[in-house]
Amino acid sequence: MIAMPARQSVSATTPAAELDAADRRLINRLQDGLPLVEAPYAAVAAELELSEGELLYRLERLLEAGVLSRFGPMYHAERLGGGLTLAALAVPEADFERVSEAVNAFPEVAHNYRREHRLNMWFVLATETPEGIAEVVEAIEAATGLAVFNMPKQEEFHVRLHLPV
Amino acid sequence: MNARQPAPVRLEPLAERRLRALVEQGLPLVPRPWQALAEQCGLPEETVMACMRRWQAEGLVKRLGLVVRHRSLGITANAMVVWDVPDAEVAELGRRLSAEPVVTLCYRRPRRLPDWPYNLFCMIHGTRRERVLAALDEIIEGQALQAMPHRVLFSLKAYRQRGGRYTAEERP
């Protein structure tokens, strides 16, 4: 099992947003997707026994509170002709801030997490073309002086994409 | 789906790019969101919906949904569990792990030897580390994976958590 370091970074995050039962039902329902009909909010509102106005109001509030970061079509990056990969760096502890700033300066970096391993920085790269990945990897290596471990997905095992809240 | 399935709609490339750029900003929160987008593009509502239907059929758009910022809900324990699985068994184990309700993503990725021997990645999210670890223990027990080399990489801090311009769903 892994060693457990102090939890300061995790517990220092902002307090959890408050959701009521209707918010939770709404989020869980919408994780399954919105129907492609003229009045999609009314259709989902009817399912949840809310009014359309209340549903729209709740969605607006959840977006404003930052509980939802995005609402709308989820693109399939590769089929859009883009490139996508997961990459990691082994960053010397003393250099961590500098390297994370250098990496995050690239607009192709979609997520960046610090993790507990010698490979301690993990990020997703999304580029407009498949060739773009190699270019960004090279540029990140030049900017950081570190080797990028590039680990594109080879096979996806489908989960029920649903994390109940 | 729709009973009267219309013929696939192709827009002028410029109009299609413009529509895509608009939809990428999110679906408007108004009773007739497609109508609102259509007005901004100078197209009929029906054309916009037909175009979206085609994008879904072609797989450009996976679904119309939302991205939850789990950290804002206190779901801060985000574990990447990685396994070193014999190549001949990885597809089978991937399917079994992805069927576990607590597993939110599951991918096969290349090893990077000698530093990184792991070829199967799955994510488990939760509000507390202990819960995530307990869930993992149950999986190991239930699937008899005691002998399968693995590591748990919890995230310590999100330096950036947002959808990129081209994707919103893949997470590390």
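Let us start in chain B, where the axes of helix H1 (residues 13-24) and helix H2 (residues 33-41) come within 10 Å and cross at roughly 135°. Axes here are lines fitted to C-alpha atoms, for helices over the stretch in contact, with angles from 0 to 180 degrees between N-to-C directions. H1(B) and H2(B) are therefore oblique to each other, a word for what is left once angles under 35 degrees (roughly parallel), over 145 (roughly antiparallel) and 65 to 115 (roughly perpendicular) are set aside. The crossing of H1(B) past H2(B) is right-handed.

This is a predicted model, in which local features need pLDDT of at least 70 and side-chain atom pairs pLDDT 80 or more, while totals for chains, interfaces and linings use all residues. Residues are numbered from 1 along each chain as its sequence is written, and chains are lettered from A in the order in which they are written.

Which residues bring the two helices together? From H1(B) come Ala15(B), Arg18(B), Leu19(B), Leu22(B) and Val23(B), which meet Leu37(B), Gln40(B) and Cys41(B) of H2(B). Contact means C-beta atoms, placed from the backbone, within 7 Å.

Now look across to the other chain. In chain A, 69 residues are in contact with 70 residues of chain B. Strand E1 (residues 68-75) of chain A gives the most to that side of chain A, with 8 residues.

The chains also share strand pairing (at least two DSSP bridges). Strand E6 (residues 155-156) of chain A runs antiparallel to strand E3 (residues 103-108) of chain B, joined by 2 bridges. There, Glu156(A) has Tyr107(B) as its bridge partner.

Terms used
Helix = DSSP H or I, 4+ residues; strand = E, 2+ residues; numbered from the N terminus. Left-handed = near helix turned anticlockwise from the far one by under 90°.
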